[in-house]
Amino acid sequence: MKKFFLIGIMLLTSVSLFAQIRWNSQYQTYIDQYKDLAIAEMLKHNIPASITLAQGLLESGAGTSDLARKSNNHFGIKCHDWIGATTSYDDDRPNECFRVYRDVYESYEDHSKFLTEQPRYRNLFKLKRTDYKGWARGLKKCGYATNPAYAKQLINIIELYKLHRYDKAKKYDKFMVERSSVKDVAAGVDLHPIHIYNKNYYLKARQGDTFETIGREVGISYKKIAKYNERDKNDRLVPGEIIYLKKKQKKAEKVYKNRPHVVKAGESMYSIAQYYGIRLESLYKMNDLNPDYSIKVGDRLRVR
């Protein structure tokens, strides 16, 4: 019995750790997607980026709630005096009225206006931008949420993910802000998470993706995207492959200086170039190789 009890404890611990890792990844992906939008709103409306992000994470379940996915409502803002599109959703009471937005950008902008234009939140703007604890407690005191632990939840999220570092930001990435205003993608469709690597943006292809569908989603010509990835615009994409959204660099990141790549089975010069986010032509040139050279397992290639 003792043996089975210990095994059970170990299994429960493993499940708990897995859930924690999954939760962390989900939240971090959301932060990567929208931190620049939160910073842009902060610089425009003086609301701490950490507070905006923490509220978005908490209210939308890191963008996974039905309200966020189907209505682009990331802050749980109800109708009140709203004259736009609406939807019904069970919250404190059944079938409550919530605002519907055209895109995530509109949701973030309306959240800022909601706080700046409501008299009950006026005192919050007397606080320093870096006083996230004061803002969190003030939001709860002013009645933003009914949950008695709301302020503590916001503070815990901010401190766990170090969101307060964004409260001192003086600039933001315009591409990521524009990304949040995509309007020609149907509601409920999950956008590809965009990542940053080697001074470039990339996403991972999914089943059924083409350069054209990706181009339409991110607002970049699909012909340009194909060119950036040194491919034909009509090439079929394999799920999981990396697709860059800007022209690739000539060299890999600095960390790979004096660290050659050792070729493994199944790799090609192209797959290696994509892995490091560098141009195929540059990879050949750095290694004094002709384009017709066939690499072999064990070859050592400079990538920077």
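**Exercise 1. Burial in helix 2**

Task: Which residues are buried in helix 2 of this predicted model?

Solution:
- Start with the extent. Helix 2 covers residues 49–60 and has 12 residues.
- List the buried positions. They are Ala-49, Ser-50, Ile-51, Thr-52, Leu-53, Ala-54, Gln-55, Gly-56, Leu-57 and Ser-60.
- Set that against the helix. With 10 of its 12 residues buried, helix 2 is mostly covered.
- Check the span. From first C-alpha to last, helix 2 reaches 16 Å, close to the 16 Å expected at 1.5 Å a residue.
- Look just past the end. Gly-61 follows helix 2, and its phi is positive, near 60 degrees.

**Exercise 2. An aromatic pair and its cluster**

Task: What geometry does the aromatic pair of Phe-75 and Tyr-108 have?

Solution:
- Begin with the total. The structure holds 15 aromatic pairs.
- Take the pair of Phe-75 and Tyr-108. Their ring centres are 4.8 Å apart, and the planes make an angle of 75 degrees.
- Apply the cut-off. Planes over 60 degrees apart count as edge-to-face, so the Phe-75 and Tyr-108 pair is edge-to-face.
- Locate the partners. Phe-75 sits in the loop between helix 3 (66–71) and strand 1 (86–89), while Tyr-108 belongs to helix 4 (residues 104–117). The pair links distant parts of the chain, 33 residues apart.
- Check exposure. Phe-75 and Tyr-108 are both buried.
- Widen the view. Tyr-30 and Tyr-34 join Phe-75 and Tyr-108 in one aromatic cluster.

**Exercise 3. Buried or partly exposed?**

Task: Is Phe-125 buried or partly exposed? Is Trp-135 buried or exposed?

Solution:
- Recall the limits. Buried means under 20% relative accessible area, and exposed means over 50%.
- Take Phe-125. Its relative accessibility is 24%, so Phe-125 counts as partly exposed.
- Take Trp-135. Its relative accessible area is 0%, so Trp-135 is buried.

**Exercise 4. The surroundings of Gln-274**

Task: Which residue's side chain makes a polar contact with the side chain of Gln-274?

Solution:
- Place the residue. Gln-274 lies in helix 10 (residues 269–276).
- Judge its exposure. Gln-274 counts as buried because its relative accessibility is 6%.
- List what it touches. Leaving aside residues up to four places away in sequence, Gln-274 touches Asn-229, Ile-242, Tyr-244 and Lys-248.
- Find the polar partner. The side chain of Asn-229 makes a polar contact with that of Gln-274, at 3.1 Å.

Key: Residues numbered from 1 in each chain as written. Predicted model: local features only at pLDDT ≥ 70, side-chain atom pairs only at ≥ 80, totals over all residues. Heavy atoms only, no water. Phe/Tyr/Trp six-rings, centres within 6.5 Å; stacked < 30°, edge-to-face > 60°. Helix = DSSP H or I, 4+ residues; strand = E, 2+ residues; numbered from the N terminus. Buried < 20%, exposed > 50% of the residue type's maximum accessible area, 1.4 Å probe, protein only. Polar contact = N/O pair within 3.5 Å; in protein donor to acceptor, adjacent residues only side chain to side chain. Contact = heavy atoms within 4.5 Å. Expected span 1.5 Å × (residues − 1).
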